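Here is a friendly walk through one protein chain and its ligand. Have a look at the sequence and the model first, and then we can go through some of the details together.

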Amino acid sequence: MSLKVSGTKIVDEEGKEIILRGAGLGGWMNMENFISGYPGCEFQIRHALGEAIGQEKSEFFFDKFLEYFFMESDAKFFSSLGLNCIRLPFNYRHFEDDMNPRVLKESGFKHLDRVIELCASHNIHTILDLHTAPGGQNTDWHSDHGGHIANFWVHKDHQDRTIWLWEKLAEHYKSNKWIAGYNPLNEPTDPTHTRVVDFYGRVHSAIRAIDPNHIIFFDGNTFASDFSHFGDAHKNWDNTAYSIHDYSLFGFPAAPEEYVANEQQLRRLRRSYEKKREWMDERGLCVWNGEWGPVYARKQYDGEATEKINEVRYQVLKDQLDIYNQDRLSWSIWLYKDIGFQGMVYVDLETPYMTLFRSFLAKKHRLAIDAWGADDTAVKPVYQHLLDHVVEEVPASYRDLYPHPVWRLSDRVTRLARNILVSEFLVKEWADHFVGKDLEELDAIAASFKYEACQKREGLNKILTDSAKAVV
Ligand SMILES: O[C@@H]1[C@@H](O)[C@H](O[C@@H]2CO[C@@H](O[C@@H]3CO[C@@H](O)[C@H](O)[C@H]3O)[C@H](O)[C@H]2O)OC[C@H]1O
């Protein structure tokens, strides 16, 4: 059933409106620190594991991880919740090697094809999301470049390679009707605000020359929050929807105040959502919320406070869904599966992976090195010195570096220090946990990510299901 954009709506072949509701399969074909449990970036841990246990064993482990992370039981469970779409983030490195550019790795399709088919067999649409492009299209760890400069925007060849990759993907998937569409770049942070629009023009033409049918979902600049420099660009693009990422600070440990759903807070929730979609609303364009959702407290770290904290987070979630339902918005919550911070399902604490890494994960948590959404209370004083130093030496007029204001000065200084600098020192330590394991043990560690080895976040899943039922 192929879908298309009609005005502000997504419709099926008969022109009937379809509201896409689902989740992102983050941490899978683009592994991420807080989702999969490692420090730093995926390219770093893949390299370190190869060094620690040899290339063959390392590849065996990662292949098993990719297989177990999403299987038939996941698709069955997902569709039983009344959800109908999964966003599939992937890393360009599965398809192209930096040391062998523009040579397609057919192996990249192995698990992507498998999961698309599994989803289709359970009536679940998929959206292909290039989460990690050559050079890094944003300043954060999830674009897997190891630093904080988004070099994608300053090196034309990174962009050319990405166009090349989308041509290959469009060729491969052009006749697959269960794919709802392509999301060519996750969360761009282009400091000029214009290169992103130029790049979208190029990638639109390249895809359309091969695949005239699938929807293209374009993220706004600055982590999918800002379309203010897009001007009239949409007039050159057809069958295109525009993606916001609607994270609310109220759903995070760094919330400015306790969320009690008062009038002012509800207004703030709505205002921040409306601001992101302003450009589309002024032009009657189709909006998709490609990422959103609170993070959750964990008993092993947050103790007795866990339930109370999570009740508040669920309230934020419900209030966001109420707003979305009023607009009949299509959305994809972040995150289907992880090790316990945000996922709809999460790896059980007694599995081989979680027991092997128990104290390592506790250390990561204490050091707050997975900076996004982290509670940095334990290490705040350490970084305060660095922050004070920068404030003392850098005049106020030079402090607000892009992506300011989304990243404030304190975010920049402390997050980069933890997420990039300190994390790097822990990469080898993570890999060394696997030393001496045979294939059977590696298989068992990877199997910790199977649906059957996971707990369900029942509160979250119920809210999603109820909300999906409320508006059909
Ligand atoms: O892979 C995902 C990634 O796509 C996602 O990226 C972050 C999105 O949020 C950004 O900051 C938010 C900006 O809006 C404010 O209102 C929120 O409070 C901030 O959290 C952040 O910098 C991006 O990295 O996040 C999760 C990853 O797993």
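Two strands are said to pair if DSSP finds at least two bridges between them. With that in hand, please keep in mind that this is a predicted model.

**Strand β8 and its partners**

Let us begin with strand β8, residues 240–245, where 6 of 6 residues are buried. How are the faces of β8 covered? Thr-240, Tyr-242 and Ile-244 are buried on one side, and Ala-241, Ser-243 and His-245 are buried on the other, so that both faces are covered.

On either pairing, the sense is parallel. Strand β7 (residues 215–219) pairs with β8 in the parallel sense over 4 bridges, and β8 pairs in the parallel sense with strand β9 (residues 287–291), again over 4 bridges. Ser-243 appears in both pairings: Asp-219 has Ser-243 as its bridge partner in β8, while the bridge partner of Ser-243 in β9 is Trp-288. As a general reminder, strands of a sheet pair through backbone hydrogen bonds, either parallel or antiparallel.

Thr-240 belongs to this strand β8. Why is Thr-240 counted as buried? Its relative accessible area is 7%, and buried means under 20%. A polar atom of the Thr-240 side chain lies 2.8 Å from the backbone oxygen of Asp-238. Beyond its neighbours within four places in sequence, Thr-240 is in contact with Val-5, His-204, Ile-216, Phe-218 and Cys-286.

**Strand β5 and the loop that follows**

Strand β5 is mostly covered too, with 8 of its 8 residues buried. Strand β4 (residues 85–91) runs parallel to β5, and 7 bridges join the two. One pairing to look up is that of Pro-89, whose bridge partner in β5 is Asp-129.

Between β5 (125–132) and α6 (156–173) there is a loop, and Gln-137 sits in it. Is Gln-137 buried or exposed? Gln-137 counts as buried, because its relative accessibility is 0%. Its side chain has polar atoms placed 3.1 Å from the backbone nitrogen of Ala-133 and 2.9 Å from the backbone oxygen of Asn-186. Leaving out residues up to four places away in sequence, Gln-137 touches a list of residues that includes Leu-130, His-131, Phe-152, Trp-153, Asn-186 and Glu-187.

**Around the ligand**

Which residues come nearest to the ligand? Of the 17 residues around the ligand, these are Glu-32, His-131, Asp-140, His-142 and Glu-187. Two of these names, His-131 and Glu-187, are also in the contact list of Gln-137. The table gives some distances from polar side-chain atoms to an oxygen atom of the ligand.

| Residue | Distance to a ligand oxygen atom |
|---|---|
| His-142 | 2.7 Å |
| Glu-187 | 2.6 Å |
| Glu-291 | 2.9 Å |

Glu-291 brings us back to the strands, since strand β9 covers residues 287–291.

**The annotated domain**

The unreviewed UniProt entry places the feature "domain: Glycoside hydrolase family" at residues 72–337. Over residues 72–337, the chain is 40% helix and 15% strand, and the C-alpha atoms at the two ends are 14 Å apart.

**A second sheet and helix α16**

Further along, 3 strands form an open sheet in the order β11-β12-β13, with mixed pairing. Its edge strands, each pairing on one side only, are β11 (337–338) and β13 (454–456). Strand β12 (residues 345–347) runs parallel to β11, and 2 bridges join them. Within that pairing, Asp-338 stands opposite Tyr-346 in β12.

Our last stop is helix α16 (residues 439–446), in which Leu-442, Ile-445 and Ala-446 are buried. Seen down the axis of α16, its buried residues fall within an arc of 95°, so they line one face of the helix. What covers these buried residues includes α2 (42–53), α3 (55–69) and α12 (352–356). At the start of α16, a side-chain oxygen of Asp-438 comes to within 3.1 Å of the backbone nitrogen of Glu-440.

Definitions and conventions. Residues numbered from 1 in each chain as written. Predicted model: local features only at pLDDT ≥ 70, side-chain atom pairs only at ≥ 80, totals over all residues. Heavy atoms only, no water. Buried < 20%, exposed > 50% of the residue type's maximum accessible area, 1.4 Å probe, protein only. Polar contact = N/O pair within 3.5 Å; in protein donor to acceptor, adjacent residues only side chain to side chain. Contact = heavy atoms within 4.5 Å. UniProt positions renumbered as here; feature names shortened; annotations may be inferred. Arc of directions from axis to C-beta. Near = heavy atom within 4 Å.
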